[in-house]
Amino acid sequence: MAAPGENLRINPDRLWDSLMEMAKIGPGVAGGNNRQTLTDADGEGRHLFKRWCEEAGLTMGVDQMGTMFARREGTDPDALPVYVGSHLDTQPTGGKYDGVLGVLGGLEVVRTLNDLGIKTRHPIVVTNWTNEEGTRFAPAMLASGVFAGQHEQDWAYARQDRDGKRFGDELERIGWKGEEEVGARKMHAFFELHIEQGPILEDEDVDIGVVTHGQGLWWLQVTLTGKDAHTGSTPMPKRRNAGLGMARVTELVHEVAMDYQPDAVGAIGHVEVYPNSRNVIPGKAVFTIDIRCPDKDILDEMRARIEEGIATICEALDIGFEVEPVGHFDPVTFDEGCVKAVRDAAERLGYSHRDIVSGAGHDACWINRVAPTAMVMCPCVDGLSHNEAEEISKEWARAGTDVLFHAVVETAGIVE
């Protein structure tokens, strides 16, 4: 395929204005966003995205998981589309760019093609995947996981939030359950632009991360069961303290991750302690362990060590335990051809770049199983994400979307 000329660039002001306009929907309490999946705010954000897509001449399709597909036609009716996108849902205390940059960057690719009157042989489809974050309904990347055949659709519909509301019911409630069969679409390639969510690019003053691999992940939900008792009158040797067990497991997870440096990571995130009263010894603790590594054998070894350690800790404290896997994907190696398109685009445009491993999970990690896939990353301030203080510069957004534009358009094929 012919490469776009190096003078072809996106409109950074329009992209930035779109990011700021989307950020007005589902505002957080500290300058970021709380636009969790399948909430009213999510529905409102979807309507805005749909309006922008229609104004750009795109046709919208929606599948039964609520994923949105906005299509720009190509000149070859038989050519498979090049897909581009990410997600519009956020963490409860999320930033304005995580996921959103990838969706609106994809829209900006199409808007720029329209501005320049460029036609491509392959259609281009801008995508908003449902429930990437996995905060309200675990696991993360739920819709792309169903699309890639990793999850059953009925199982996904049955996922419940902390209030007992089902994913399928909430999808219908906000009016975004489509008719299209999930996974029926075939892709020529998929590209995802994302903020790094880590400090490497900023620390090294590099414009573009060329993502070659993605870390594998295990999410383990742990339930420890002891006995509620009065804090003041229960002798120390007679306590069955689930909170103490959780504290020791927290130390265990940290120690295991530190044994596999520099690539492994691990921490305890979501925590619920019962009865959560200041003068009652916790009789129950429910929490999630998140471990990640780009080496599958090490990742599985970490999980085995942690589960063995939990059993040992609980035996010593005379408390019960249950460990349930609630999220998993193996490490990812992205498509060589798509990765080369990203790297070549960065070089052609004169942006500094380096290869990088994604520490976070993304929809691209699942889609890589069914289509050639690659990711583009741009820096974020202090590597901070999943935080309302998440920030990027307009220049970083521009560079990432310029590279995305060139990689997508080269792959889709310019029609002279």
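## Annotated domain

In an unreviewed entry, UniProt lists residues 215-312 as "domain: Peptidase M20 dimerisation"; such annotations may be inferred rather than shown by experiment. The structure is a predicted model, in which local features need pLDDT of at least 70, side-chain atom pairs count only at pLDDT 80 or more, and totals for chains, interfaces and linings use all residues. Residues are numbered from 1 along each chain as its sequence is written, and side-chain values use heavy atoms, without hydrogens and water.

Over residues 215-312 the chain is 35% helix and 35% strand. Helices (H or I, at least four residues) and strands (E, at least two) are DSSP runs, numbered from the N terminus.

## The four-stranded sheet

An open sheet of four strands follows the order E10-E12-E8-E13, with antiparallel pairing; two strands pair if DSSP finds at least two bridges between them. Strand E10 (265-274) and strand E13 (320-329) are the edge strands, each pairing on one side only.

Within the sheet, strand E8 (residues 216-225) and strand E12 (residues 284-293) pair in the antiparallel sense over 10 bridges. Trp218 has Ile291 in E12 as its bridge partner.

## Helices on the sheet

Helix H8 (residues 242-258) packs on the sheet and touches E8, E10 and E12, where contact means heavy atoms within 4.5 Å. The direction of H8 makes about 170 degrees with that of E10; axes are lines fitted to C-alpha atoms, for helices over the stretch in contact, and angles run from 0 to 180 degrees between N-to-C directions.

Helix H9 (residues 296-317) lies across E8, E10, E12 and E13, and runs at about 155 degrees to E12.
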